[in-house]
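Subject: Structure handover

Hello,

Please find the structure below. My notes on what was found follow it.

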Amino acid sequence: MTTTAALRLTGIAKAFGATRALRGVSLEVGPGEVHALIGENGAGKSTLMKVLSGAHQPDAGTMELDGRPFAPSDPHDARVKGVAMIYQELNLALHLSVRENILLGTEPARFGWIDRSAAAAKAREALALLGHEHFELERPVSDYSIASQQVIEIARALLTRPRILIMDEPTSSLTLADTERLFATIKRLRTQGVSIIYISHFLEECRQIADRYTVLKDGETVGSGEMASASLEQIVQWMTGREVKDLYARKLHEPGAIVLEVKTAASPPRLVRGSLQLRAGEIFGLAGLIGAGRTDLLRAVFGLDRLAAGEVCVVGAPDAATSPRARWAQGLGFLSENRKEEGLMLSQSLADNVTLTKLGAFGRLGWINGRRQRSAARHWLEALGVKHRDPLQLAGELSGGNQQKVAIARLLEHPARIFLLDEPTRGIDVGSKAQIYQLIGELAGAGKAVVVVSSYLPELLGLCDTIGVMCRGELCAVRPRAEWTEVEIMHVATGGGK
Amino acid sequence: MKSTASTVLAKAGPFLGLLVVIALFSIPGETREFFLTYYNFKTIFTQTVIVAIGALGMTMIIVSGGIDLSVGSTVAFTSVVGALLIERGWGAPAAMAAVVLAGGMIGLLNGAAIAGLRMTPFIITLGTLGVARGSAKWLADSQTVNYDDSAINAWMTTSDPFSYALPAGVWVALSLAVVTSLVLRHTVFGRHVFALGSNEATARLCGIPTTRLKVIIYAVAGCFFGVAGLFQLSRLRQGDPTVAVGLELDVIAAVIIGGASLNGGVGTILGSMIGALIMAVLRNGSQQMGWPTYFQEIIIGLVIIVAVFVDRLRQGRQT
């Protein structure tokens, strides 16, 4: 690079006790460049970002910002010096107004009284930089969608005029249209000379938005280059040592008898109408935009949301009860899209998490035989390759991918014969993804029926036998996989199917 | 293996706190001679009984992610009920059962309101705090209820004050603690209590009947508060509707000092019992040092803050 890099890291190392999180990371980001930082979970991305944003001090290595040494003492110092960070989970005070949120901590004040007109001017200026002048400054943030809230958060970060803006998985909870809008915002920032470090699991997305990329593996930089000339196969191989086409490897099989029938199920406001038939050995994909009612359909089937109309028939079920408890008894299992808030008990042991649906089975008269419970949990933790110390370890101590495997282990242990999986691979690394794909394939091979909700189309197309597309609360079209393409799915999902 | 030492320290935290507090009062000249005697500890154990039994129910509630502010009022109400029944000639066993059930009824109402109306436990039990206290005064006609004599009176004392034997109350508290601890750790019900407090959404997802579970938890805890009321009655030897004001704060403090989290999902019976003991030792020691009661209150307040702060430091280091 001929010009001075906006940011240059050389040989950054950081250890926590015996764990060497970073072993020598080099990273160079040019001015006005969007730089994708790619790596599996645990590759060291988060640690690196914490070093950059001043939350951790590196043990070795140098950092330069615009050619000058950069050694932030804490996150505030880093912000003042020009490095701002947008976290994956938004940090907004939902009850406060847009203006108050943008100026939180930097309110212009006279004698302790907030200067509202100056504050409003600053907030408006920051929003204008992003091309989002349409926000009503005095409305509470909670009135706005997640995507809009993210814009507000970015506007706040821009107040300190950062040179480097770090975005951690910014699209993980955005719809496709909102992602496009975010990309427009990013491009706008780029033209103003702000460099952006973009962290994401979605390689296609990185390819779309980034100029250059750096791949981390096990705390080291293993590759970097121009995005335009990069091959995804090469990047995935750097990340994992695996080839892309292995991801969805599975054997074909014949679907069997119908095991679950959903007839015009409705659960207002978000599920208007959904009908489907699920066969043993079938993998049924549910595609659609966020908010199209996919999660709501699964929740209504599982009895977590009330069914306002329609019917759910579990073939061979002893009764017609619809509570989650009854659904487990009928052989259904549900994997929540929201691992931390709903899927797992982070403050409890792995053993309790895996066996929670059937504790009574590990003893008599309500007493639990701890040894039997632990050995059942250990069996699945080992079978799924969950990295853990022992079954009594707390679920909150595991990484995202391993937590997801624990949540899935619960369905396997129960054991379910109909798997309802809501975003089973969200926010987890490629290695764990591949394992979960393989597992789903094996389940279908063993005659289990699987419903997969996913926002990631290559995943659905690679994995499923049948795909249904939802749009505005309605399951519009159900066809065999061979009759779908990504374009066709998006066409139906965005309302073009009618 | 991730630092076994810190794990041991985490487990033993409240216990070390207890040793420190005991050591504190064993050193000064004023207390050295009497403090570390068996008789003094007999007194301390007896003084711990009511808070400890309350803490058993409260541990269940706090672990399940709830809170109960009506403990003091429940204890007053149930002890008045007991006194009235004995006054009317009920025998000790029948009166005893009625007192425990009265506590269970209040807990049942709490639980039903919390689960049925989907309101926060803080609000519901704040309401019950007033309702139960008022009802106690109403029943007792705003006076103490006196009765001639009952077997109940003997449960918090021993016939011979210089005997080595501990009063019945201590043994009851101890056995209830052992049973509750085992139930919380090794039964389906106990693990469901932890699941509910750790993540209610997960509990629901996994088919745990959360509504029913909440009602049961508050009702069972109410029974414990009824037992506490029974020992309150035994200690005073009369039903006093104004007794045990603020007891809920002592009980909650004991549970929190014992390492439970107000966010739910974390807590042990052993910890709560040690927490109750720490407070009793502090009270007893302060009295012997001749410190005024306001000074005791300040110390106990500070101990709560320090205990929770230390607990947070410990957890912060783990992650």
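How many salt bridges are there between chain A and chain B? The count is one. Please keep in mind throughout that this is a predicted model.

The salt bridge first. The side chain of D352(A) meets the side chain of R191(B), with 2.7 Å from N to O. That distance falls within the 4 Å allowed for a nitrogen of Lys or Arg and a carboxyl oxygen of Asp or Glu, so the pair counts as a salt bridge. Polar contacts are also present between chain A and chain B: 13 residue pairs, with both residues at pLDDT 80 or more.

Where on chain A does the side that touches chain B come from? Two elements of chain A, helix 10 (324-329) and helix 11 (339-343), give two or more residues to that side. Helix 11 of chain A provides the largest share, four residues. By residue type, the side of chain A that touches chain B holds 12 nonpolar, six polar and nine charged residues.

As for extent, 27 residues of chain A are in contact with 24 residues of chain B. About 2100 Å² is buried between chain A and chain B, and carbon and sulfur atoms give 58% of this area. Within chain A, the residues that lose the most area to chain B are R325(A), L356(A) and W367(A), which together make up 23% of what that side buries.

The other boundary I looked at lies inside chain A. This chain is divided into domain 1, covering 7-240, and domain 2, covering 258-493. Taken over C-alpha atoms, the centres of domain 1 and domain 2 of chain A are 33 Å apart.

Which residues of the two domains touch can be seen in the structure; the counts are as follows. In chain A, 12 residues of domain 1 are in contact with 13 residues of domain 2. The two domains of chain A bury about 970 Å² between them, with 64% of it on carbon and sulfur atoms. On the side of domain 1 of chain A that touches domain 2 of chain A, the residues comprise four nonpolar, six polar and two charged.

How many salt bridges are counted between domain 1 of chain A and domain 2 of chain A? The count is zero. The count of residue pairs in polar contact between domain 1 and domain 2 of chain A, both at pLDDT 80 or more, is zero as well.

Regards

Note on methods
Residues numbered from 1 in each chain as written. Chains lettered and ligands numbered in written order. Predicted model: local features only at pLDDT ≥ 70, side-chain atom pairs only at ≥ 80, totals over all residues. Heavy atoms only, no water. Domains from an automatic or database assignment. Contact = heavy atoms within 4.5 Å. Buried area = accessible area lost by both parts, 1.4 Å probe. Polar contact = N/O pair within 3.5 Å; in protein donor to acceptor, adjacent residues only side chain to side chain. Nonpolar A, V, L, I, M, F, W, Y, C, P; charged D, E, K, R; others polar.
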